[in-house]
Amino acid sequence: MARALVLLSVVLVSLLVNQGRASDNQRLFNNAVIRVQHLHQLAAKMINDFEDSLLPEERRQLSKIFPLSFCNSDYTEAPTGKDETQKSSMLKLLRISFRLIESWELPSQTLSGTVSNSLTVGNPNQITEKLADLKMGISVLIKGCLDGQPNMDDNDSLPLPFEDFYLTKGENNLRESFRLLACFKKDMHKVETYLRVANCRRSLDSNCTL
(Lines give C-alpha, C1' and ligand atoms only; values in the text may rest on other atoms or scores of the structure.)
Protein backbone atom coordinates (compact mmCIF):
# COMPACT_ATOMS: atom_id res chain seq x y z
CA MET A 1 0.00 0.00 0.00
CA ALA A 2 2.78 2.40 0.96
CA ARG A 3 4.63 1.57 -2.26
CA ALA A 4 1.52 2.34 -4.31
CA LEU A 5 1.15 5.69 -2.58
CA VAL A 6 4.77 6.56 -3.35
CA LEU A 7 4.28 5.68 -7.02
CA LEU A 8 1.10 7.72 -7.15
CA SER A 9 2.91 10.68 -5.60
CA VAL A 10 5.70 10.43 -8.17
CA VAL A 11 3.16 10.36 -11.01
CA LEU A 12 1.31 13.38 -9.61
CA VAL A 13 4.53 15.36 -9.18
CA SER A 14 5.56 14.46 -12.73
CA LEU A 15 2.21 15.63 -14.08
CA LEU A 16 2.45 18.91 -12.17
CA VAL A 17 5.99 19.51 -13.43
CA ASN A 18 4.96 18.81 -17.03
CA GLN A 19 1.97 21.11 -16.70
CA GLY A 20 4.21 23.82 -15.31
CA ARG A 21 6.65 23.43 -18.21
CA ALA A 22 3.81 23.55 -20.73
CA SER A 23 2.46 26.71 -19.11
CA ASP A 24 5.90 28.35 -19.14
CA ASN A 25 6.41 27.34 -22.76
CA GLN A 26 3.07 28.82 -23.77
CA ARG A 27 3.92 32.04 -21.95
CA LEU A 28 7.25 32.24 -23.82
CA PHE A 29 5.51 31.69 -27.15
CA ASN A 30 2.92 34.35 -26.39
CA ASN A 31 5.63 36.83 -25.39
CA ALA A 32 7.63 36.09 -28.55
CA VAL A 33 4.60 36.64 -30.78
CA ILE A 34 3.75 39.90 -28.99
CA ARG A 35 7.33 41.15 -29.31
CA VAL A 36 7.60 40.45 -33.03
CA GLN A 37 4.15 41.93 -33.64
CA HIS A 38 5.38 45.14 -32.03
CA LEU A 39 8.52 45.13 -34.19
CA HIS A 40 6.44 44.51 -37.33
CA GLN A 41 4.08 47.37 -36.45
CA LEU A 42 7.03 49.64 -35.71
CA ALA A 43 8.62 48.75 -39.05
CA ALA A 44 5.35 49.52 -40.86
CA LYS A 45 5.07 52.91 -39.13
CA MET A 46 8.68 53.79 -39.90
CA ILE A 47 8.36 53.04 -43.60
CA ASN A 48 4.99 54.80 -43.86
CA ASP A 49 6.40 57.93 -42.23
CA PHE A 50 9.45 57.74 -44.46
CA GLU A 51 7.26 57.55 -47.58
CA ASP A 52 5.13 60.45 -46.35
CA SER A 53 8.25 62.60 -46.12
CA LEU A 54 9.09 62.03 -49.81
CA LEU A 55 8.08 64.08 -52.82
CA PRO A 56 5.54 62.42 -55.17
CA GLU A 57 8.20 61.83 -57.82
CA GLU A 58 10.57 60.23 -55.31
CA ARG A 59 7.76 57.96 -54.18
CA ARG A 60 7.05 56.85 -57.73
CA GLN A 61 10.70 56.08 -58.35
CA LEU A 62 11.03 53.97 -55.22
CA SER A 63 7.87 52.00 -55.99
CA LYS A 64 9.50 50.89 -59.23
CA ILE A 65 12.93 50.18 -57.78
CA PHE A 66 12.25 48.08 -54.67
CA PRO A 67 10.42 45.14 -56.29
CA LEU A 68 13.60 44.56 -58.31
CA SER A 69 15.84 44.69 -55.23
CA PHE A 70 16.77 41.92 -52.84
CA CYS A 71 16.88 41.59 -49.08
CA ASN A 72 19.52 39.69 -47.13
CA SER A 73 16.90 37.11 -46.15
CA ASP A 74 16.28 36.26 -49.80
CA TYR A 75 19.54 34.30 -49.64
CA THR A 76 18.33 32.26 -46.65
CA GLU A 77 16.50 28.96 -47.04
CA ALA A 78 13.02 29.51 -45.68
CA PRO A 79 9.38 28.67 -46.51
CA THR A 80 8.29 30.81 -49.45
CA GLY A 81 4.52 30.45 -49.28
CA LYS A 82 1.59 29.66 -47.00
CA ASP A 83 1.48 25.96 -47.87
CA GLU A 84 5.20 25.45 -47.28
CA THR A 85 5.07 27.39 -44.03
CA GLN A 86 2.13 25.37 -42.73
CA LYS A 87 3.94 22.11 -43.54
CA SER A 88 7.14 23.14 -41.75
CA SER A 89 7.91 21.72 -38.31
CA MET A 90 7.86 23.87 -35.20
CA LEU A 91 11.62 23.47 -34.75
CA LYS A 92 12.36 24.51 -38.33
CA LEU A 93 10.22 27.64 -38.04
CA LEU A 94 11.86 28.57 -34.74
CA ARG A 95 15.35 28.15 -36.18
CA ILE A 96 14.57 30.26 -39.24
CA SER A 97 13.04 32.95 -37.03
CA PHE A 98 16.16 32.95 -34.87
CA ARG A 99 18.41 33.40 -37.90
CA LEU A 100 16.30 36.24 -39.31
CA ILE A 101 16.23 38.13 -36.01
CA GLU A 102 19.96 37.59 -35.56
CA SER A 103 20.65 38.98 -39.03
CA TRP A 104 19.10 42.34 -38.04
CA GLU A 105 20.98 42.97 -34.81
CA LEU A 106 23.77 44.89 -36.54
CA PRO A 107 21.79 46.65 -39.33
CA SER A 108 19.12 47.72 -36.81
CA GLN A 109 21.63 50.14 -35.31
CA THR A 110 21.30 52.31 -38.44
CA LEU A 111 17.51 52.16 -38.79
CA SER A 112 16.91 55.42 -36.93
CA GLY A 113 19.20 57.23 -39.33
CA THR A 114 16.90 56.44 -42.25
CA VAL A 115 13.88 58.27 -40.90
CA SER A 116 13.03 61.87 -40.20
CA ASN A 117 14.07 63.30 -36.84
CA SER A 118 10.41 64.08 -36.24
CA LEU A 119 9.52 60.40 -36.23
CA THR A 120 9.19 59.06 -32.72
CA VAL A 121 11.00 55.72 -32.70
CA GLY A 122 12.63 56.08 -29.31
CA ASN A 123 16.28 55.50 -28.60
CA PRO A 124 17.92 53.91 -31.68
CA ASN A 125 19.30 51.22 -29.39
CA GLN A 126 15.76 50.19 -28.37
CA ILE A 127 15.12 48.37 -31.65
CA THR A 128 18.40 46.49 -31.29
CA GLU A 129 17.53 45.65 -27.69
CA LYS A 130 14.08 44.42 -28.67
CA LEU A 131 15.64 42.19 -31.32
CA ALA A 132 18.14 40.82 -28.79
CA ASP A 133 15.36 40.07 -26.29
CA LEU A 134 13.31 38.30 -28.98
CA LYS A 135 16.35 36.34 -30.13
CA MET A 136 16.95 35.16 -26.56
CA GLY A 137 13.32 34.11 -26.17
CA ILE A 138 13.37 32.13 -29.41
CA SER A 139 16.63 30.48 -28.32
CA VAL A 140 14.92 29.27 -25.13
CA LEU A 141 11.99 27.93 -27.18
CA ILE A 142 14.41 26.04 -29.45
CA LYS A 143 16.13 24.46 -26.44
CA GLY A 144 12.75 23.45 -25.04
CA CYS A 145 11.79 21.93 -28.38
CA LEU A 146 15.04 19.93 -28.48
CA ASP A 147 14.33 18.71 -24.92
CA GLY A 148 17.96 18.06 -24.09
CA GLN A 149 18.88 16.63 -27.47
CA PRO A 150 21.92 18.06 -29.29
CA ASN A 151 21.23 20.75 -31.86
CA MET A 152 21.96 19.05 -35.17
CA ASP A 153 21.08 22.00 -37.40
CA ASP A 154 24.09 22.43 -39.68
CA ASN A 155 23.04 25.95 -40.63
CA ASP A 156 23.31 27.26 -37.05
CA SER A 157 27.07 27.72 -37.35
CA LEU A 158 26.86 29.50 -40.70
CA PRO A 159 26.36 33.29 -40.81
CA LEU A 160 23.80 34.72 -43.16
CA PRO A 161 25.48 35.76 -46.43
CA PHE A 162 26.82 39.31 -46.42
CA GLU A 163 26.34 40.31 -42.78
CA ASP A 164 27.05 43.93 -43.81
CA PHE A 165 24.56 43.65 -46.68
CA TYR A 166 22.69 46.81 -45.66
CA LEU A 167 25.45 48.71 -43.92
CA THR A 168 27.62 49.00 -47.02
CA LYS A 169 24.86 50.40 -49.19
CA GLY A 170 25.14 54.00 -48.04
CA GLU A 171 23.00 55.29 -45.19
CA ASN A 172 22.29 58.65 -46.82
CA ASN A 173 21.12 57.24 -50.12
CA LEU A 174 17.35 57.59 -50.57
CA ARG A 175 16.97 54.30 -52.38
CA GLU A 176 19.01 52.30 -49.88
CA SER A 177 17.31 53.92 -46.90
CA PHE A 178 13.98 52.81 -48.29
CA ARG A 179 15.39 49.36 -48.98
CA LEU A 180 16.61 49.02 -45.39
CA LEU A 181 13.20 49.88 -43.96
CA ALA A 182 11.28 47.75 -46.47
CA CYS A 183 13.46 44.69 -45.81
CA PHE A 184 13.12 45.14 -42.06
CA LYS A 185 9.34 45.23 -42.38
CA LYS A 186 9.39 42.22 -44.73
CA ASP A 187 11.51 40.11 -42.37
CA MET A 188 9.53 41.03 -39.25
CA HIS A 189 6.39 39.96 -41.10
CA LYS A 190 8.06 36.63 -41.91
CA VAL A 191 9.09 36.03 -38.31
CA GLU A 192 5.62 36.93 -37.04
CA THR A 193 4.09 34.40 -39.45
CA TYR A 194 6.61 31.68 -38.56
CA LEU A 195 6.13 32.13 -34.81
CA ARG A 196 2.34 32.07 -35.13
CA VAL A 197 2.47 28.79 -37.05
CA ALA A 198 5.11 27.35 -34.69
CA ASN A 199 2.85 28.16 -31.75
CA CYS A 200 0.05 26.34 -33.53
CA ARG A 201 2.35 23.37 -34.22
CA ARG A 202 2.96 22.81 -30.51
CA SER A 203 -0.75 22.15 -30.09
CA LEU A 204 -0.51 19.38 -32.74
CA ASP A 205 -3.24 21.16 -34.72
CA SER A 206 -3.00 20.11 -38.36
CA ASN A 207 -5.09 23.09 -39.45
CA CYS A 208 -2.71 25.97 -38.73
CA THR A 209 -4.23 28.39 -41.20
CA LEU A 210 -2.61 31.76 -41.92
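## A guided tour, starting at the disulfide

Select Cys-71 and Cys-183: the torsion about their S-S bond is about -85°, so this disulfide is left-handed. Before you go further, keep in mind that the model you have open is predicted.

**Stop 1: the disulfide**

Stay with the two cysteines and show their side chains. The sulfur atoms of Cys-71 and Cys-183 sit 2.0 Å apart and form a disulfide. Now show the backbone as a cartoon and see where each partner sits. Cys-71 belongs to the loop between helix 2 (56-65) and helix 3 (82-87), while Cys-183 is part of helix 6; the pair links distant parts of the chain, 112 residues apart. As a reminder, a disulfide is a covalent bond between the sulfur atoms of two cysteines. How many disulfides does the count come to? It comes to one. Switch on the surface and ask of this pair: buried or exposed? Cys-71 is buried, and Cys-183 is buried too.

Select Cys-145 while you are thinking about cysteines. Its relative accessibility is 27%, so Cys-145 counts as partly exposed.

**Stop 2: the whole chain**

Zoom out and colour by secondary structure. The protein chain has six helices and zero strands, so reading from the N terminus you meet α-α-α-α-α-α. The chain has 210 residues, and 39% of them count as buried.

**Stop 3: helix 4**

Select residues 90-103, which make up helix 4. Try the distance tool on its end C-alpha atoms: they are 20 Å apart. At 1.5 Å a residue, 14 residues should span 20 Å, so the model agrees with the expected span.

Next, look at how this helix is covered. Helix 4 has 12 of its 14 residues buried, so "mostly covered" is a fair description. Among the buried ones are Met-90, Leu-91, Leu-93 and Leu-94, as well as Ile-96, Phe-98, Leu-100 and Ile-101. Arg-95 and Arg-99 are also on the buried list, as are Ser-97 and Ser-103.

**Stop 4: an aromatic pair**

Move on to Trp-104 and Phe-184. The structure holds two aromatic pairs, and this is one of them: the ring centres of Trp-104 and Phe-184 are 5.1 Å apart and the planes stand at 65°, so the pair is edge-to-face. Trp-104 lies in the loop between helix 4 and helix 5 (124-146) and Phe-184 in helix 6 (residues 174-201), so the pair ties together parts that are 80 residues apart in sequence. With the surface on, note that Trp-104 and Phe-184 are both buried.

**Stop 5: a salt-bridge network**

Side chains of opposite charge can pair when their charged atoms come close. A search of the whole structure finds eight salt bridges. For a good example, select Glu-102 and Lys-135, whose side chains meet in a salt bridge at 3.4 Å, N to O. Glu-102 is in helix 4 and Lys-135 in helix 5, so this pair ties together parts 33 residues apart in sequence. At 28% relative accessibility, Glu-102 counts as partly exposed.

Keep Lys-135 selected and add Glu-105. These two side chains also meet in a salt bridge, at 3.1 Å, N to O. Here too the pair links distant parts of the chain, with Lys-135 in helix 5 and Glu-105 in the loop between helix 4 and helix 5, 30 residues apart. Which residues do shared partners join into one network? Add Arg-99 to your selection, and you have Arg-99, Glu-102, Glu-105 and Lys-135.

**Stop 6: a salt bridge within helix 2**

Select Arg-60 and Glu-57. They form a salt bridge with the closest N and O atoms 2.8 Å apart. Both lie in helix 2, three residues apart, which is about one turn of the helix. Arg-60 has a relative accessible area of 46% and is partly exposed; Glu-57, at 41% relative accessibility, counts as partly exposed as well.

**Stop 7: a nonpolar patch**

Now select Leu-28, Met-136 and Val-140. Together they form a nonpolar patch on the surface, with about 270 Å² of accessible area. Centre on Met-136, which is found in helix 5. With a relative accessible area of 59%, Met-136 is exposed.

**Last stop: Gln-86 and Arg-201**

Finish with Gln-86, in helix 3. Its relative accessible area is 22%, so Gln-86 is partly exposed. Then add Arg-201: the two residues are 115 residues apart along the chain, and their C-alpha atoms are separated by 8.7 Å.

Conventions
Residues numbered from 1 in each chain as written. Predicted model: local features only at pLDDT ≥ 70, side-chain atom pairs only at ≥ 80, totals over all residues. Heavy atoms only, no water. Helix = DSSP H or I, 4+ residues; strand = E, 2+ residues; numbered from the N terminus. Expected span 1.5 Å × (residues − 1). Buried < 20%, exposed > 50% of the residue type's maximum accessible area, 1.4 Å probe, protein only. Phe/Tyr/Trp six-rings, centres within 6.5 Å; stacked < 30°, edge-to-face > 60°. Disulfide = S-S within 2.5 Å. Patch = residues over 30% accessible without salt bridge, like charges linked within 9 Å, V, L, I, M, F, W, Y side chains within 5 Å. Areas by Shrake-Rupley, 256 points an atom, 1.4 Å probe, with all protein chains shown as cover. Salt bridge = Lys/Arg side-chain N within 4 Å of Asp/Glu carboxyl O.
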